Amino acid sequence: VDYSEEIKKIKGPDVLKDINMMVYKNRYNLTLKTKFIVNLKLKMEGKAEYQEEQNRVVFTVEKAKVGWFSVRKKVLKEIQKAGIKNVQVFGYNIIINL
């Protein structure tokens, strides 16, 4: 599925690079780099769950930091505002319908 048009709607940094996500035993770690005035490195972690009966993946964002600043609410708000098809945000959960 090509989400390039939806990704363009996200306000903030234009370029995300060095995206790395590891999922192991229902936990995930995600890191990415971007430039938004200065170079930034975002680190996120939390719980990952595949819900087979609803054919979706739920990522619970427990931590989202740039340096030692928490950006969890900002990241979730920007994902929600982006209006990406098949992606919803409820509380601290990112739900991706497959």
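Contact here means that heavy atoms lie within 4.5 Å of each other. In this predicted model, M44 touches Y28, N29, L30, V61, K63, A64, V75 and I94, once residues up to four places away in sequence are left aside.

M44 also belongs to the residues with the most contacts inside the largest nonpolar core, a group that further includes Y28, L42, F59, V61 and I94. That core has 15 residues, and at least two of them are supplied by each of β2 (27-36), β3 (38-51), β4 (56-66) and α2 (72-82). The largest share, five residues, comes from β4.

One of the residues that M44 touches, K63, has its place in strand β4. K63 counts as partly exposed because its relative accessibility is 43%, a value that lies between the limits of under 20% for buried and over 50% for exposed. Beyond four places in sequence, K63 touches K43, M44 and E45, and the C-alpha atoms of K63 and G46 are separated by 6.6 Å although the two residues stand 17 apart along the chain.

The helix α2 can be followed in a similar way, starting from its buried residues V75, L76, E78 and A82. Seen down the axis of α2, these buried residues fall within an arc of 160°, and therefore line one face of the helix. An α-helix has 3.6 residues a turn, so residues three or four places apart point the same way. The exposed residues K73 and Q80 are carried on the face of α2 turned away from its buried side. Just after α2, G83 takes a positive phi of about 65°.

How values were computed
Residues are numbered from 1 along each chain as its sequence is written. This is a predicted model: local features need pLDDT of at least 70, side-chain atom pairs count only at pLDDT 80 or more; totals for chains, interfaces and linings use all residues. Side-chain values use heavy atoms; hydrogens and water are left out. A nonpolar core is a set of buried Ala, Val, Leu, Ile, Met, Phe, Trp, Tyr and Cys residues joined through side-chain atoms within 4.5 Å. Buried means under 20% relative accessible area, exposed over 50%, partly exposed in between (1.4 Å probe, protein chains only). Helices (H or I, at least four residues) and strands (E, at least two) are DSSP runs, numbered from the N terminus. The arc is that of the directions from the helix axis to the C-beta atoms.
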